[in-house]
Amino acid sequence: MRYWLMKSEPSEYSIDDLMRAAKKTTPWIGVRNYQARNFMRDDMQLGDQAFFYHSSCEEPGIAGIVEVARLAYPDATQFDYKSKYFDSKSTRAKPRWVNVDVRLSKKTRLVPLTELRSCPELAEMLVLQRGNRLSITPVAPAEWEFIMGLAQRAPRDAD
DNA sequence: GCCAACGTTGGC
DNA sequence: GCCAACGTTGGC
């Protein structure tokens with residue numbers, strides 16, 4: 001069992017969208033980066049857990065916990081010319097992009113990026129590294145446990 | 001909106 | 001296979 005962090009722009013798909021989804025499950029479509037794809041295709045297993053991270057928004061940070069509910073399969077949007085994720089070089093015989101399905105385990109308080117950055121325990125965390133842009137990154141077990149602790153704590157005072 | 005950092009593309 | 005140009009990500 002492995003741990004991950006998966007980024008989504010809440011204007012595209014937020015933790016609340018996932019709460020409203022049927023079976024609280026969604027296909028993690030739209031990944032168009034080979035490294036991130038390979039994590040889904042080669043490494044993700046059923047039951048793996050992931051932080052649902054809100055990016056490119058007012059308050060970036062971890063918004064909840066999800067679980068891998070279906071192993072990687074071809075991402076349908078790559079074949080849909082009307083989709084922003086359409087890839088003209090991908091074929092059904094040889095699909096280039098895949099997605100897993102994730103199911104909401106629970107929504108947490110928003111643990112802001114700034115708070116994560118302030119924790120020496122998380123100094124090595126991949127998503128916090130300079131210049132990191134990967135939308136899916138592995139999370140070390142110790143980092144996972146630490147953040148789970150943070151998430152159960154009351155939000156910081158905002159002064 | 002800016003821009004640093006990184007990935008991808010394509011000419012050679 | 002190199003690498004410059006270009007595109008994208010994502011925090012600020």
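**View 1. Lys7 meets the backbone of DNA strand C.** In this predicted model, an N or O atom in the Lys7 side chain sits 2.7 Å from a phosphate oxygen of DNA strand C. Ser56 also goes for a phosphate oxygen of DNA strand C, but with a polar backbone atom, at 2.9 Å.

**View 2. Arg133 reaches a base of DNA strand C.** Here the partner is a base oxygen: a polar side-chain atom of Arg133 lies 2.5 Å from that oxygen of DNA strand C.

**View 3. The protein surroundings of DNA strand C.** Pull back a bit and you'll find Lys7, Tyr53, Ser55, Ser56, Pro60, Leu113, Arg117 and Arg133 around DNA strand C. Of the DNA strand C atoms that come within 4 Å of the protein, 74% belong to sugar and phosphate. Sorted by class, the protein residues near DNA strand C come out as 3 nonpolar, 2 polar and 3 charged.

**View 4. The largest pocket, with Lys7 again in the picture.** Lys7 turns up here too, as one of the residues nearest the centre of the largest pocket, together with Ser8, Glu9, Ile29 and Tyr85. In total, 17 residues line this pocket. Two elements each give two or more residues to the lining: strand 1 (3-8) and strand 2 (25-27).

**View 5. Size and make-up of the largest pocket.** The volume of the largest pocket comes to about 500 Å³. As for what its walls are made of, the lining is a mix of 6 nonpolar, 5 polar and 6 charged residues.

Definitions and conventions: Residues are numbered from 1 along each chain as its sequence is written. Chains are lettered from A and ligands numbered from 1 in the order in which they are written. This is a predicted model: local features need pLDDT of at least 70, side-chain atom pairs count only at pLDDT 80 or more; totals for chains, interfaces and linings use all residues. Side-chain values use heavy atoms; hydrogens and water are left out. On a 1 Å grid over the protein atoms alone, a cavity is a set of points where a 1.4 Å probe fits but cannot get out, and a pocket is an open set with protein on both sides within 12 Å along at least five of seven lines; lining residues have an atom within 4 Å of a point. Grid points are joined across faces, edges and corners, and a volume is the space filled by probe spheres set on the points. Helices (H or I, at least four residues) and strands (E, at least two) are DSSP runs, numbered from the N terminus. Ala, Val, Leu, Ile, Met, Phe, Trp, Tyr, Cys and Pro count as nonpolar, Asp, Glu, Lys and Arg as charged, and the others, Gly among them, as polar. A residue is near a molecule or strand if one of its heavy atoms lies within 4 Å of it. A polar contact is a pair of N or O atoms within 3.5 Å; within protein, one must be able to donate a hydrogen and the other to accept it, and residues adjacent in sequence count only if both atoms are side-chain atoms.
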